[in-house]
Amino acid sequence: MNEDFPRTLWEMERRFSEEAACRQYLFALRWPEGFRCPACGANKGWAMRGNLWLCAHCRRQVSVTAGTIFQDSHLPLTTWFRAMWFVTSQKNGVSALGLQRVLGWGNYRTAWALLPKLRRAMVRPGRDRLSGTVEVDETYWGAEESGVRGRQSLRKALLIVAAQADGEGIGRIRLRHIPDTSRATLHGFITESVEPGSTVVSDG
Ligand SMILES: [Zn+2]
C-alpha cells in the first residue's frame, strides 16, 4: 500500500461521504445534460426517494442506477464508491481480504461477493470493450484543496470513467485510476476500453 493512500482515501471519502453525493455523480454520468426519460424522452422529472426519478410527463419511475453494477444492491452507494476507489487505486491487484479491511467489515463474505462485480467493471485491455455511444469523463475523487496548508503534494485520485449508453441506463462502466490527463493517457484508456467505430462523447 503506497504512502499517500490513507490521505487520498480520506479525501475521496470527504467528497463521497453521503449517498446524495454519489447519486449526484451517477446522475451526471447518466444524464450529462439533465434528466431525460428513457421511455418518452421528456426532460422534466422529479427526484423521489433513493435513486428513483419520476418522469413529469409519463410518470414512469426511472432509477439512476438501472443497468449498472449498483442496480439491485442492498449496499449503500458510499460503500460501492469506496470499494471502487480501492480497486482502481491498487496497481498490483486486490484481494477480497484487502477490500474487507479497507471497508472495515467484520467478515469478508460481502467483499468476496463484491469483488467479481468490480473486476468486471474494470478495464481489461483489448477484451470486452464498450461500444455504441460511450460517455467518457475524467474526475477527481477527492476534496477541494482549499484549506490545505503546507502539504501541496496532497494529491487527489484522478479517475477516468467510460460509460456505455444503454437505452434504459448507463449500462456497462469502465474505470481506471490515471496519473494525468495528457492526450496519451486519455487516448490509451479509450483505445483499450472502447471498440473502434464507437461514438465517444465527453464534456471535457
Ligand atoms: Zn417519461
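**Disulfides.** I looked for disulfides in this predicted model and found zero. A disulfide is a covalent bond between the sulfur atoms of two cysteines. I then checked several cysteines one by one. Cys22 is buried, with a relative accessible area of 0%. Cys37 is also buried, at 3%. Cys40 comes out as partly exposed at 33% relative accessibility. For Cys58 I read 33% as well, again partly exposed.

**Zinc site.** Which residues donate to the zinc ion? I found Cys37, Cys40, Cys55 and Cys58, each through SG, lying 2.3 Å from the zinc ion. The angles among the four donor atoms run from 103 to 115 degrees, and the site is tetrahedral. I checked this against the cut-off: four donors count as tetrahedral if all angles lie between 85 and 135 degrees, so the range of 103 to 115 degrees qualifies. Along the chain, the donors follow the spacing C-x2-C-x14-C-x2-C. I placed two of the donors on the fold: Cys37 is in the loop between α2 (19–30) and β1 (45–47), while Cys58 is in the loop between β2 (52–55) and β3 (61–63). The pair therefore ties together parts that are 21 residues apart in sequence. Of these two, Cys37 is buried, whereas Cys58 is partly exposed.

**Arg59.** I stopped at Arg59 on account of its backbone. Its phi is near 70 degrees, a positive value in a residue other than glycine. Arg59 sits in the loop between β2 and β3, the loop that also holds the zinc donor Cys58. Arg59 counts as exposed, at 52% relative accessibility.

**Salt bridges.** How many salt bridges does a search of the whole structure find? I got one. Its partners are Glu195 and Arg129, with the closest N and O atoms 3.7 Å apart. The cut-off is 4 Å, so the pair at 3.7 Å is accepted. I noted that the bridge links distant parts of the chain, the two residues being 66 residues apart. Glu195 belongs to the loop between α6 (183–193) and β7 (199–201), and Arg129 to the loop between α5 (109–121) and β4 (133–141). Are the partners buried or exposed? Glu195 is partly exposed, with a relative accessible area of 31%. Arg129 is partly exposed too, at 21%. Buried means under 20%, so Arg129 at 21% does not count as buried.

**Nonpolar surface.** I looked up a nonpolar surface patch. Leu97, Tyr108 and Trp112 make one of about 360 Å². I placed Leu97 in helix α4, residues 96–103. Leu97 is partly exposed, at 38% relative accessibility. A patch residue needs over 30% relative accessible area, so Leu97 passes with its 38%.

**Overall fold.** I counted elements next. The protein chain has six helices and seven strands. Read from the N terminus, their order is α-α-β-β-β-α-α-α-β-β-β-α-β. What share of the protein chain is buried? I read 44% of the 204 residues.

**Contacts across the sequence.** I checked three pairs by their C-alpha atoms.

- Phe86 lies in helix α3, residues 77–89. Phe86 is buried, with a relative accessible area of 3%. From Phe86 to Val102 I read 7.7 Å in space and 16 residues in sequence.
- Glu135 is in strand β4. Glu135 is buried at 10% relative accessible area; the limit for buried is under 20%, so this charged side chain's residue falls inside it. Glu135 and Pro32 are 9.0 Å apart, with their positions 103 residues apart in sequence.
- Pro179 is in the loop between β6 (173–177) and α6. Pro179 is exposed, with a relative accessible area of 72%. The C-alpha atom of Pro179 is separated by 8.5 Å from that of Leu159, 20 residues apart along the chain.

**Recap.** I close with the items to keep in view. The structure has zero disulfides and one salt bridge. The zinc ion has Cys37, Cys40, Cys55 and Cys58 as protein donors in a tetrahedral site.

Methods: Residues numbered from 1 in each chain as written. Predicted model: local features only at pLDDT ≥ 70, side-chain atom pairs only at ≥ 80, totals over all residues. Heavy atoms only, no water. Salt bridge = Lys/Arg side-chain N within 4 Å of Asp/Glu carboxyl O. Helix = DSSP H or I, 4+ residues; strand = E, 2+ residues; numbered from the N terminus. Buried < 20%, exposed > 50% of the residue type's maximum accessible area, 1.4 Å probe, protein only. Donors = N, O, S within 2.8 Å, 3.2 Å for Na, K, Ca; no water. Tetrahedral: all angles 85-135°; square planar, octahedral: opposite > 155°, others 65-115°. Disulfide = S-S within 2.5 Å. Patch = residues over 30% accessible without salt bridge, like charges linked within 9 Å, V, L, I, M, F, W, Y side chains within 5 Å. Areas by Shrake-Rupley, 256 points an atom, 1.4 Å probe, with all protein chains shown as cover.
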